[in-house]
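Visitor: Could you take me through a close look at the aromatic rings in this structure, and then at the parts that surround them? I am new to this, so please go step by step.

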Amino acid sequence: MAYSGTGAPPGTITYVLPGDSAATIQSKLNSVQAGNSLVFTGGATYDFAGKTIVGKSGVTIWADGPVVIANAPGAGTHGAFDFSGKSDWTIGGKAPGQGFVFNGSLIDATNASGNWAIGNSQFNN
């Protein structure tokens, strides 16, 4: 089951580093097993270069401090993260103002099921 609280993310952590490309982020997420977390290093901007990261059921995507997502797909697309049809997942940050900032993008949760949550995130434009 995905994480729904604040503090440290659950399970084994795989880190996304500043400068990682969307392809690298997708590869790292593909390696994360259910019950574990993909953690973005805080204080950085991540350029998705028009790409969508396809989510997985049972994982947590976590911002370890302010994380800006730039150049991800916007309205009418699957957005920065596509969790459509997935179950038991979480996208969040450790506190208000200490999570994801989606500039001109979104998260697709169409037909998501089970226990899923998006928290401590900001959506601009």
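Guide: In this predicted model, the count of aromatic pairs comes to ten, where rings of Phe, Tyr and Trp pair if their centres lie within 6.5 Å. A pair of aromatic rings is described by the distance of the centres and the angle of the planes. Take Phe83 and Trp89 to begin with: their ring centres are 4.3 Å apart and their planes stand at 25°, and since planes under 30 degrees apart count as stacked, this pair is stacked. Phe83 is buried, with a relative accessible area of 0%, and Trp89 is likewise buried, its relative accessible area being 0%.

Another stacked pair is made by Phe102 and Phe123, because their ring centres are 4.9 Å apart and their planes are at 10°. Phe102 belongs to strand 9 (residues 100–103) and Phe123 to strand 12 (residues 122–124), so this pair ties together parts that are 21 residues apart in sequence. As for accessibility, Phe102 counts as buried at 0%, whereas Phe123 is partly exposed, with a relative accessible area of 41%. Both rings also belong to a cluster in which ring pairs link Phe40, Tyr46, Phe48, Phe81, Phe100, Phe102 and Phe123.

Phe123 leads us on to Ser105, since Phe123 is among the residues that Ser105 contacts beyond its neighbours within four places in sequence, the others being Ala72, Pro73, Gly74, Gly79, Ala80 and Asn124. Ser105 sits in the loop between strand 9 and strand 10, and at 7% relative accessibility this serine counts as buried, because the cut-off for buried is under 20%. With Ala80 there is a further detail, in that the side chain of Ser105 reaches the backbone nitrogen of Ala80 at 3.0 Å.

A contrast to Ser105 is offered by Gly114, which lies in the loop between strand 10 (107–108) and strand 11 and is exposed, with a relative accessible area of 55%. The C-alpha atoms of Gly114 and Gly43 are separated by 31 Å, and along the chain these two glycines are 71 residues apart.

Strand 11, which follows the loop of Gly114, brings us to the sheet. Five strands form an open sheet with parallel pairing, in the order 1-2-5-8-11. Its edge strands are strand 1 (13–16) and strand 11 (117–118), each of which pairs on one side only. Within this sheet, strand 2 (residues 37–41) and strand 5 (residues 60–64) pair in the parallel sense over five bridges, and Val39 stands opposite Trp62 in strand 5.

Across part of the sheet there is a helix to consider as well. Helix 1 (residues 22–31) lies across strand 1, strand 2 and strand 5, and it runs at about 175° to strand 1. Which residues of helix 1 are buried? They are Ala22, Ile25, Gln26, Lys28 and Leu29. Seen down the axis of helix 1, these buried residues fall within an arc of 165°, and therefore they line one face of the helix. They pack against strand 1, strand 2 and strand 5, and also against strand 3 (44–47) and strand 4 (53–54).

Terms used. Residues numbered from 1 in each chain as written. Predicted model: local features only at pLDDT ≥ 70, side-chain atom pairs only at ≥ 80, totals over all residues. Heavy atoms only, no water. Phe/Tyr/Trp six-rings, centres within 6.5 Å; stacked < 30°, edge-to-face > 60°. Buried < 20%, exposed > 50% of the residue type's maximum accessible area, 1.4 Å probe, protein only. Helix = DSSP H or I, 4+ residues; strand = E, 2+ residues; numbered from the N terminus. Pairing = 2+ DSSP bridges. Contact = heavy atoms within 4.5 Å. Axes fitted to C-alpha atoms, helices over the stretch in contact; angles between N-to-C directions. Polar contact = N/O pair within 3.5 Å; in protein donor to acceptor, adjacent residues only side chain to side chain. Arc of directions from axis to C-beta.
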